[in-house]
Amino acid sequence: MKTPVRVAITGAAGQISYSLIFRVAAGDMLGKDQPVILQLLEIPPAMEALQGVVMELNDCAFPLVHGIITSDDPNVAFKDADFALLVGSRPRGPGMERSDLLKANGAIFTVQGKALNDNASKDVKVLVVGNPANTNCLIAMKNAPDLNPRNFTAMMRLDHNRSMSQIATKTDSHSTKVEKMVVWGNHSATQFPDIANATVDGAPVKDAVDNDWYVNEFIPTVQQRGAAIIKARGASSAASAASAAIDHMRDWALGSDGRWVSMGVFSKGNSYSIDEDLIYALPITCENGEWKEVTGLEIGEFQQKMMNATEEELKGEKEAVIDLI
Ligand code: NAI
């Protein structure tokens, strides 16, 4: 039996976590042979609801769960954490400007960055899900000076998975047959789902679809998918976001077997001339618990324009929270 690892999850009484925690507990993230100790963080008004989640977790009698800790103190929830999934964040309230939202979340992620710095394992793998995910991740990273910046990532996997699914449907194939998809930049409506290198059943996707569909249907569909789900379901994507978080962490921890995935990562030293102080999604492969940028891709004029637009947005977000980093 392996030694249990500590998995911290914030926003643990929220809707994404209601799917996420149970999948982590079932071994979907780290394998069916990896016991876990769950360290669940919430804010005081949600602690009672969190107790209800814990009652249900106990009722599942998951063989891999070797302990459950709940707290409203990040220093407790992140103690010795090997993995930290930062899901909790402040939703946009009525009349709230985007800059207010950035600042309100900034306050959360400065505190959580410091708490990770002071308490978590030095090898902790951090995934920020709570929006605005890339900039929240940048804030947490900057407030954790003793941790390697490479330990901090933001979730783009939902956008990546959505892209693969759209291509599979369009080409009458299966998402597992779609490879080398890249979603660049910010987890927002400026993200750039790029099919320039993508293949389906081994053949170039761009030969299988027409450019009009790519530019005028595919890209906006992926960019606006979150809003479409809210409209249809009356609530934001939760189970699919949880599933993407599981995919992201599993590949990072256990390897992506050479497959490209999209991850928001610290842009320092990137090979695509992107500003070096952002959390920007790049094409990534994972091996031995490390992520690595896929370098050397040729970037055409259209791609460059799209990559620049999402980079500009991230620079603007950073400016709005500059005093927090
Ligand atoms: P939710 O509102 O159901 O749950 C959020 C939970 O976070 C609440 O229980 C709240 O009490 C808690 N929380 C707030 N501040 C906290 C703090 N300082 N510490 C710990 N917990 C705190 O929201 P949901 O649907 O679970 O979504 C969570 C976040 O994930 C949102 O910001 C959403 O926009 C984002 N999201 C990101 C996606 C991505 O692809 N990166 C995809 C879908 C959602």
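Me: Let's take a polar contact as a pair of N or O atoms within 3.5 Å; within protein, one must be able to donate a hydrogen and the other to accept it, and residues adjacent in sequence count only if both atoms are side-chain atoms. Which atom of the ligand does Ile-16 contact that way?
Reply: An oxygen, 2.9 Å from a backbone N or O atom of Ile-16. This is a predicted model, where local features need pLDDT of at least 70, side-chain atom pairs count only at pLDDT 80 or more, and totals for chains, interfaces and linings use all residues. Numbering starts from 1 along each chain as its sequence is written, and side-chain values use heavy atoms, leaving out hydrogens and water.

Me: And what about Gln-15?
Reply: Gln-15 also uses a backbone N or O atom, 2.9 Å from a ligand oxygen.

Me: How far is the Glu-42 side chain from the ligand?
Reply: An N or O atom in the Glu-42 side chain is 2.5 Å from an oxygen of the ligand. The protein buries 80% of the 870 Å² that the ligand exposes when taken alone (Shrake-Rupley, 1.4 Å probe).

Me: Which elements give two or more residues to the shell?
Reply: Those are α1 (15–25) and α4 (98–119), with helices being DSSP runs of H or I, at least four residues, and strands runs of E, at least two.

Me: How many residues surround the ligand?
Reply: 23, counting any with a heavy atom within 4 Å. Ser-89 and Asn-131 are among the closest.

Me: Why does the ligand lie between the domains?
Reply: Because domain 1 (5–154) and domain 2 (156–324) both give residues to its shell.

Me: Switching to the backbone: what kind of peptide bond joins Asn-131 and Pro-132?
Reply: A cis one, with omega about -10 degrees. Pro-132 is in the loop between β5 (125–128) and α5 (133–142).

Me: What is phi at Asp-172?
Reply: Positive, about 55 degrees, although Asp-172 is not a glycine. Most residues other than glycine have a negative phi.

Me: Where is Asp-172 found?
Reply: Asp-172 is in the loop that runs between α6 (157–170) and β7 (178–179).

Terms used:
Domain bounds come from an automatic or database domain assignment.
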